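Reader: I am new to this structure and would like a close look at one part of it. Please take the packing of two helices and what lies beside them.

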Amino acid sequence: MPPPSDIVKVAIEWPGAFPKLMEIDQFRSILFYISVFRWSLGNHENFALQNADSTNFYITEKVGIYFLVISSQTAAQLHERIQSSSMDAKLEALKDLANSSRDVTFAQEFINLDGISLLTQMVESGTEPFYWLLLLCFSFGDLLSFTLTAFVELMDHGIVSWDTFSVAFIKKIAGYVNKSAMDTAVLQRSLAILESMVLNSQDLYQKVAQEITIGQLIPHLQGTDQDIQTYTIAVINALFLKAPEDKRQEMAHILAQKQLRSIILSNVIRSPKPINDEMAHQLYVLQVLTFNLLEDRMMTKMDPQDQAQRDIIFELRRIAFDVECEPNNSGSIEKRKSMYTRDYKKLGFINHVNPAMDFTQIPPGMLALDNMLYFARHHQDAYIRIVLENSSREDKHECPFGRSSIELTKMLCETLKVGELPSENCHDFHPMFFTHDRSFEEFFCICIQLLNKTWKEMRATSEDFNKVMQVVRDQIMRALTQKPNSLDQLKSRLQNLSYTEILKIRQSERMNQEDFQSRPILELREKIQPEIMELIKQQRLNRLCDGTCFRKISSRRRQDKFWYCRLSPNHKVLHYGDLEESPLGEVSHDLLQEKLPVADIKAVVTGKDCPHMKEKGALKQNKEVLELAFSVLYESDEYLNFIAPDKHEYCVWTDGLNALLGKEMTSDFTKSDMDTLLSMEMKLRLLDLENIQIPEAPPPIPKEPSNYDFVYDCN
């Protein structure tokens, strides 16, 4: 008879003693088993079990299952060893510390010994000649590299506040970044530390901003190491994100002066190396932060009494109709008013008498007027053509340039989510926005010409304005999903998405989403719905059994740490544990060190109700992270926190956990799956009613022809 699933057989080793083969109950006290080894260990509470596969993860009374090597007071020993006078011994100790610090149990013990302070003192006290001497003795500056690696790993656990570090330590780390020639590992860790400092403390942001300039970071982007480039952009993003609002425009001006955009375009985006997920995320964040600079203008109403703002409207009129501002004594006041009203009507404003009132709606506010002026000045021929072309049409067929520009600007702001914080899990950057210093304005110029073209193709009238805007939105969204590499490529994609093509695509989609609304069909749907819901439930539970890899997100966003969670085949236990790297497939239950019985789960909470979303931090205000967060509550105050990699995994896990608890599955994906499966089942049953035989196996794939030398006779 096989042993119970809670009993595992493990080998326990101790230096100088014979290994013991034991059966361990995973729900019994670790201290009990340590006490029965009979190896004269002394105080059992000072010991833990360590995995023998060199991952250096530890198990104590607070952290569950089994490990294979006993580790005696490792934290205290390493604390002593890293202070050794022997450089060889110190280097080996720091290497061990860097590996061990990834485990939270060890980290807590080492920090309790004031280990963080010891590491910062080691960094602060190192003199430059001493460092370069070490660089010669130990290749690539291993000593400093391991010191900084251990520091980063320890801080990632969130046990120690970032506000505790001195200016001397910050200057030292910044000094490593500012050097033109620096060991890659040291530079990488230094950039990671600066990013965390900026993101986690407003006070440290001020100090780091004084030590680091954009000009000193730019050279790191011009190298070939993508990891260094990623960390560098992450630091720039952190400085951008934490800068006060009045400083962001100033920082953007500096970035433009240093040609950051063109450097990223040539050295990163157009590099022969493929862009990894983390780099894609950082480029996306930079894109979002850049577009967020438009938020102030987007939310600023026009003041009809402001002469400078009114002059912009006069400029639009002057360029379109090639007229100069008439002197005050030229003609009567009524005549001039009539002339202005006529021209403002031709320009497509809603308020012909006082067009300034059109820009009091926010969004898009003054941003729409900025876009119109940019188009008029930088694409003057296209601007004049659109205005004159529409002014020569009948009133009901003219495409109102002013109204269209305002609505289009609002649509583009919604599409690019101007004003929203970047998502923690998004990699959706668009290379074309890095090809021009005024990419948003150029994007607008392309889209306003598209709108005018679509208006003509639809033969639209003023009553069709909203319909035209819906088609234009569809055209833009479909073109963006293809990720054009340049603005010219975007133009080409939009050219192919004519109104006729959009109609064909929509017709095809409607045919694929045919809906059956007759009463007998609706009754049949209702009858088979419970069967389909049970099928969805089983699929969700099977996905939980396969498991998912989750990325750890703590105080420092940029990290490659993962953990895995999966449901046991009998649906009774959640197995989970940390991983060294993202797995290529499923992770065995035996490799997951911790478990949570399903019977102990009290509730599943999502969004703002999650404990890790209530904590203070940079993630608190992030809408998209809130939408991916969920927590499993168990016992009295214990919880297991998740941030799903995407919306699909979020729905799978929340549905599956609710199904385990006997609750209703209510996610959007469940509704979508229900509709899809019901539609398929209905079609199959209707085919069966028509006595149409559906083969059990798909038809064979035709063989590849041996001779390609043939033609097809169209006649």
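Author: What follows is a description of one helix pair, the loop beside it and the segment further on. The model is a predicted one.

The two helices are α26, residues 519-546, and α29, residues 647-660. Two packed helices are described by the angle between their axes and the distance between the axes. For α26 and α29 the angle is about 105°, and the axes lie 8 Å apart. Angles of 65 to 115 degrees count as roughly perpendicular, so α26 and α29 are roughly perpendicular to each other. On the α26 side, the contact is made by Lys 537, Arg 540, Leu 541, Arg 543 and Leu 544. On the α29 side, the residues in the contact include Cys 651, Trp 653, Asp 655 and Leu 660.

Two of these α29 residues also come up in the loop that follows. Ser 667 sits in the loop between α29 and α30. Apart from neighbours within four places in sequence, Ser 667 is in contact with Cys 651 and Asp 655, both of which take part in the contact between α26 and α29. Ser 667 has a relative accessible area of 10%, and because buried means under 20%, Ser 667 is buried.

Next comes α30, which covers residues 668-689. Ile 694 is in the segment after α30. With Leu 684, Leu 687 and Ile 692, Ile 694 forms a nonpolar patch on the surface. The accessible area of these residues together is about 310 Å². Ile 694 has 43% relative accessibility and therefore counts as partly exposed, whereas Ser 667 is buried.

Conventions:
Residues are numbered from 1 along each chain as its sequence is written. This is a predicted model: local features need pLDDT of at least 70, side-chain atom pairs count only at pLDDT 80 or more; totals for chains, interfaces and linings use all residues. Side-chain values use heavy atoms; hydrogens and water are left out. Patches are made of residues with over 30% relative accessible area and no salt bridge: like charges are joined within 9 Å, nonpolar side chains (Val, Leu, Ile, Met, Phe, Trp, Tyr) within 5 Å. Accessible areas come from the Shrake-Rupley method with a 1.4 Å probe; for residues, only the protein chains shown count as cover. A salt bridge is a side-chain nitrogen of Lys or Arg within 4 Å of a carboxyl oxygen of Asp or Glu. Helices (H or I, at least four residues) and strands (E, at least two) are DSSP runs, numbered from the N terminus. Buried means under 20% relative accessible area, exposed over 50%, partly exposed in between (1.4 Å probe, protein chains only). Contact means heavy atoms within 4.5 Å. Axes are lines fitted to C-alpha atoms, for helices over the stretch in contact, and angles run from 0 to 180 degrees between N-to-C directions. Angles under 35 degrees count as roughly parallel, over 145 as roughly antiparallel, 65 to 115 as roughly perpendicular and the rest as oblique.
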